[in-house]
Amino acid sequence: MAQSTVRDEPRDQTAASRPWQVAAEQLSNTASGLDWLTERRTAALVRADCLGLPDQSQEEWRYTSLTPFARRWLDHLAGARLPAVPEPVPPTLAGVFSVDIVDGRLCAPLLATPPGLTIQSLQNLGAEWRTRVEALLGSVVSPTDTSASDSLVDLNTALLTDVVLVTTEPGASVAMPIHIRLQATAASALCQTRLLVDLAAGSRLTLSLEFTGTAAVLVNAVSQMCLGRDSELNLVRVQALPDDGMLLESTSIEAKDSAAVTVTSVDLGGQLSRQSLTVRLAGTGASATVHGLFLADGQRHIDNRTRLQHEAPSTTSREFFRGIAADRGHGVFSGKIIVQPGAAGSNAALTNRNLLLTTTAEIDTKPELEIYVDDVRCSHGATTGQLDANALFYLQSRGLDLSTARQVLTAAFLRDSLTGIPLPELRERLEARLESRLQAQSGAAR
Amino acid sequence: MTGNAPNQGLEDFMGRGYAHGFVTDIEADTVAPGLSEDVIRFISAKKGEPEFLLAWRLKAYRHWLTLREPRWAKLHHPPIDYQAISYYSAPRPAPGLKSIDEVDPKLLQTYEKLGIPLHERARLAGVAVDAVFDSVSVTTTFKDKLAAVGVIFCSFSEAVREHPELVRKYLGTVVPYRDNYFAALNSAVFTDGSFVYIPKGVRCPMELSTYFRINQAKTGQFERTLIVAEDGSHVSYLEGCTAPQRDENQLHAAVVELVALNDATIKYSTVQNWYPGDKEGRGGIYNFVTKRGDCRGANSRISWTQVEAGSAITWKYPSCILRGENSVGEFYSVAVTNNLQQADTGTKMIHIGRNTRSTIVSKGISAGRAQNAYRGLVKILPTAENARNYTQCDSLLMGARCGAHTFPYMEVRNPTAVVEHEATTSRIGDDQLFYCRQRGISTEDAVNLIVNGFCKQVFRQLPMEFAVEAQNLLNVSLEGAVG
Amino acid sequence: MSTLLEVSGLRVAVGGKEILTGLDLVVRPGEVHAIMGPNGSGKSTLAHVLSGRDGYVVTGGSVSYQGLDLLAMAPEERARAGLFLGFQYPVEIPGVSNVYLLRSALNARRSARGESEIDAAGFLRLVKARARLMQMDESFLQRGVNEGFSGGEKKRNEIFQMAVLEPVLAILDETDSGLDIDALKIVSNGVNSLRDPARAFILVTHYQRLLDYIRPDFVHVLAGGRIIRTGDHTLALELEADGYEQILAAAST
């Protein structure tokens, strides 16, 4: 069985290595007034303090160092922030229901939410949801994913400023996509976002999350989603932070019997971005499809860790992850498929394709299979390389110059991952952004 | 079988899968258990080693003391008590014999029983054998014939005595003593092993082979093998290993270093059949081995082929450092685990030179309650223009309680490189089984047939006479795996 | 003439659903029976039950083969007793060469009959002769069983295996599907050359065109899990002209 990383060396005890203590002290001056939350915070802080921030000696963090993150956090806490340059806030998309969460806080007032949907925050949390929220705040993202139980979730619990809860009614099919913009500003040293999504049995929801922020922001986001029996979630997640922003993100999705989740994840911004996505296929016949895409150009470090966990019989997962690294960018992908004992009849496949465009860039990829039952069909494939020489030649023979040919093929490589995004305007906007970045890329390469 | 079969009978029945579990009753010089600088000085003195080697051993030992056992592999075992192991055991009379006639007949019988006759008249044709028994080499066959073409094939101890300059030049240059925990331990306490030197332009006229046998209780085997292939030379080397059936675990921590210079080829094959422990997981060898080849020269080639069927625990990653331009690294592996065996095995291909190529084919078979993991690293450094890697990794599961795992790492830092990895995990197809049975083949034979087909790509890489042995070994290892 | 196979009142369920609902069929040595029927009528179920595939539950009736209770026998026992199934979807077995599979199969049958293993030279002669009959390149013999074969090559390989194993009763399950006209001729020639007074065939097929090349002694129409009409080869032509619907309608009135 998966072994949790137990560290027995004493942690560095100097305040300099424990920014969370400083943060917690600052936070304690602005008490929430919710006693139960204070208890949760304290417990989480103790755990986080024991573990410290993840470091590269841990297998899960092999390719990503949080040293620059911790350093900047301390700087921010000391008030040494860069003057905030407001980023242009993307225009609201048409045909969606927009929600803003700024520095972790749900922005009021909300327009009337679409029928079948409820959005609550700590301030207006219905009494019937109290216990559920309390339980989720007390647990790590995934109780069975011990490798993910690093301190980030506890840090979020200890330091969060709000909790946003999105729920659906049983059987409700929410027609309008919900677009949540998660904005981080200079107002918080480290923006803590906590999002809980609970889909009742038989309900359907399309949800897109877009991370944006002002200069040099730090974000630690935690999302927990639970899909009831026969429900369907179409989730889009876009990381579009400014070039010097940093995001740490832990997402856990649990799918009950016959529930289906589709995730499309896109990383195109940030200086450092680390997403940890765990999907638990916990009910018979549950299924998951994950599409991922990252563009690690400039100085970007983008790390995606996914874990598809088959816990029940006849569960299915399909994952397609693509990445491009250019300039001095560093792309990391580790995708694990786990089939637990008892998950007979599971079927899982993962495909990872990467393009490496320059000598100074790097791509590290680690597709993994962990299988504990024989009645399975699992496969993964991964490639890292360059554009297909034959395809390039074909386009050149049709009169395209090399740089255009490259651009065309690279754009096609990216577009494949975006086709599943059910918000046409968002998809077009992403395509345009990616293509203009690639144009700059192929201009520079030639 | 009758209901009241005596225990002994039952025990034989349980152990029938392992044919090499007997013990040779022979007098031995065995040093008391425990590890210290004194023990290391004792081993070094026993072998009459030059000062530089003792100094190296001691440096390794002092470094080892600062290390901790690696924990990253998917292996679980009770802590190993390094002070409970005897680090030197040699059959009497002491080695250094001039002629095979002086070797204790019991030893000759042992090897005969293992299918490796050492005596002149019965020797395997075309295969030269170095026979290592516990801590020492018993004899090496065909030495004269090999010497005639300039090939040196002898025990490591003899190489230290006769060719110290070569040992000094290459020892620890591929696997430094600082490399890892078990390599450091081995560097401190290694007792024997094989040494091969193929001079410039020589194609070794016969297969070279070392047969490792652990016999004494409470000992470990720590051998060291060094193969150097000079410019334009070629050698094929095979190792086999067995041990008696005992209830306690025994440690085997070997180091193998290969050096291939310009245009040289080394083919290294292993059929590993250490005692795997019984059906309840009692006993068996802990096999922690560091094997690495250095393709130092341009156009050099190192090819690893392994059939890992034995051992309670296997921890080994035969690797290639592809330094020379156009050099080629290959890794072909079959790992079979049954009952409570655990294997964490794979390879590392480090691409440094231009146009370097590597191929990895791994076939894992897991049955019973066994856990079988492939772990591999393909690393392309910025200097490795046009590097290519292809990895194929397939796992077969037999039974609802076993596990098969795949952990490949791909680190690419050159945009002209292409790295491809494919892996599958499944059980034997019901449709395949039915197809065979419809043709009249019994379920058990069908399973053997399908499993052997699954491993064909790897077996094809073995020298002919060992391919058959490997195939039989596979069938025996999986005995009882299908209900 | 003695009876080779006698199926009486056979009822078979798959996944709780009854597919064969009381099927009767008698096959004597030397005969060729064609079993035709619309999709889902139970044709392939019959072929699979007779060969002993898992997943089929016999809920009633009996099958006697050479006087033995066929349903009590393991698939390999049936095969050793001379029953051969030509698969609709032949299975790929990577790494196991065609000849290796055939030699194992042939020797398993011989040892079941108390005969010694076939000698290497004799085996090779037999295999090469049969490969020629099926116009198969000898390289196919060394290739993995059906590994990377085209659809037509797989079907030809089935008949080739049949020719080597020389069964007493051959059941060919939709052997004609997916074959072009040349391959259909080769396959039919293969079957015809094996026709023998001691050997019987059951051809399971959806289309009549196979029967242009292999003339059956009996044509049975299978519908709703039982045989609703039996006739000679002209029944197939009638089916071709009128379609299944008319016959089904006629049978239900």
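Here a trainee and a mentor talk through a predicted model with chains A, B and C.

Trainee: Let's start with chain A: how many helices and strands are there?
Mentor: Chain A has 446 residues, and 58% of them count as buried. Among its contacts between residues at least 6 apart in sequence, 87% join residues at least 24 apart. As for the elements, the tally is eight helices and 19 strands.

Trainee: Which strands of chain A pair with β9(A), and in which sense?
Mentor: Strands of a sheet pair through backbone hydrogen bonds, either parallel or antiparallel. With β7 of chain A, residues 204–213, β9(A) shares eight bridges in the parallel sense. Another eight bridges, again parallel, link β9(A) to β11 of chain A, residues 260–267. The partners are therefore β7(A) and β11(A), both parallel.

Trainee: Which residue is the bridge partner of A:Asn234 in β11(A)?
Mentor: On the β7(A) side you can find A:Glu210 opposite A:Val238 of β9(A). Turning to β11(A), the residue that partners A:Asn234 is A:Thr262.

Trainee: How many of the eight residues of β9(A) are buried?
Mentor: Look at residues 232–239, which make up this strand. The strand is mostly covered, and the number of buried residues is seven.

Trainee: Where does A:Ser188 lie, and is it buried or exposed?
Mentor: Find the loop between β5 (178–184) and β6 (191–199) of chain A, and you will see A:Ser188 there. Its side chain makes a polar contact of 3.1 Å with that of A:Asp103. Buried means under 20% relative accessible area. A:Ser188 has 15% relative accessibility, so this loop residue counts as buried.

Trainee: What area do domain 1 and domain 2 of chain A bury between them?
Mentor: Chain A is divided into domain 1 (16–386) and domain 2 (388–446), with C-alpha centres 28 Å apart. In contact are 35 residues of domain 1 of chain A and 20 residues of domain 2 of chain A. The size of an interface is often given as the accessible area lost when the parts come together. Carbon and sulfur atoms carry 66% of that area here, and the total is about 2300 Å².

Trainee: Which residue forms a salt bridge with A:Glu210, and which strand gives the most to the domain 1 side?
Mentor: Between the two domains of chain A there are three salt bridges and six residue pairs in polar contact. In one salt bridge, A:Glu210 has its closest N–O approach, 3.4 Å, to A:Arg429. On the side of domain 1 of chain A that touches domain 2, β7, β9, β11, β13 (287–296), β15 (316–325) and β17 (346–356) each supply at least two residues. The names you want are A:Arg429 and, with four residues, β13(A).

Trainee: Between which chains are the most contacts?
Mentor: Chains A and C do not touch, and their nearest C-alpha atoms are 16 Å apart. Two pairs of chains do touch, and the most contacts are between chains A and B.

Trainee: Which three residues supply 38% of the area that chain B buries against chain C?
Mentor: At this interface, 17 residues of chain B are in contact with 30 residues of chain C. The two chains bury about 2000 Å² between them, 63% of it on carbon and sulfur atoms. More of chain B's share comes from this trio than from any other three residues: B:Phe434, B:Tyr435 and B:Arg439.

Trainee: Which residue forms a salt bridge with B:Arg439, and which helix gives the most to the chain B side?
Mentor: Chains B and C share two salt bridges and 12 residue pairs in polar contact. For B:Arg439, the closest N and O atoms are 2.7 Å apart, and the partner is C:Glu158. On the side of chain B that touches chain C, α9 (430–438) and α10 (443–459) each supply at least two residues. So far as names go, you have C:Glu158 and, with seven residues, α9(B).

Trainee: Which strands are the edge strands of the open sheet in chain C?
Mentor: Four strands make up this sheet, in the order β2-β1-β4-β5 with antiparallel pairing. At one end, β4(C), residues 57–65, pairs with β5(C) over two bridges, and C:Ser64 has C:Asp69 as its bridge partner there. The edge strands each pair on one side only, and they are β2 (17–27) and β5 (68–69) of chain C.

Methods:
Residues numbered from 1 in each chain as written. Chains lettered and ligands numbered in written order. Predicted model: local features only at pLDDT ≥ 70, side-chain atom pairs only at ≥ 80, totals over all residues. Heavy atoms only, no water. Buried < 20%, exposed > 50% of the residue type's maximum accessible area, 1.4 Å probe, protein only. Pairing = 2+ DSSP bridges. Domains from an automatic or database assignment. Contact = heavy atoms within 4.5 Å. Buried area = accessible area lost by both parts, 1.4 Å probe. Salt bridge = Lys/Arg side-chain N within 4 Å of Asp/Glu carboxyl O. Polar contact = N/O pair within 3.5 Å; in protein donor to acceptor, adjacent residues only side chain to side chain.
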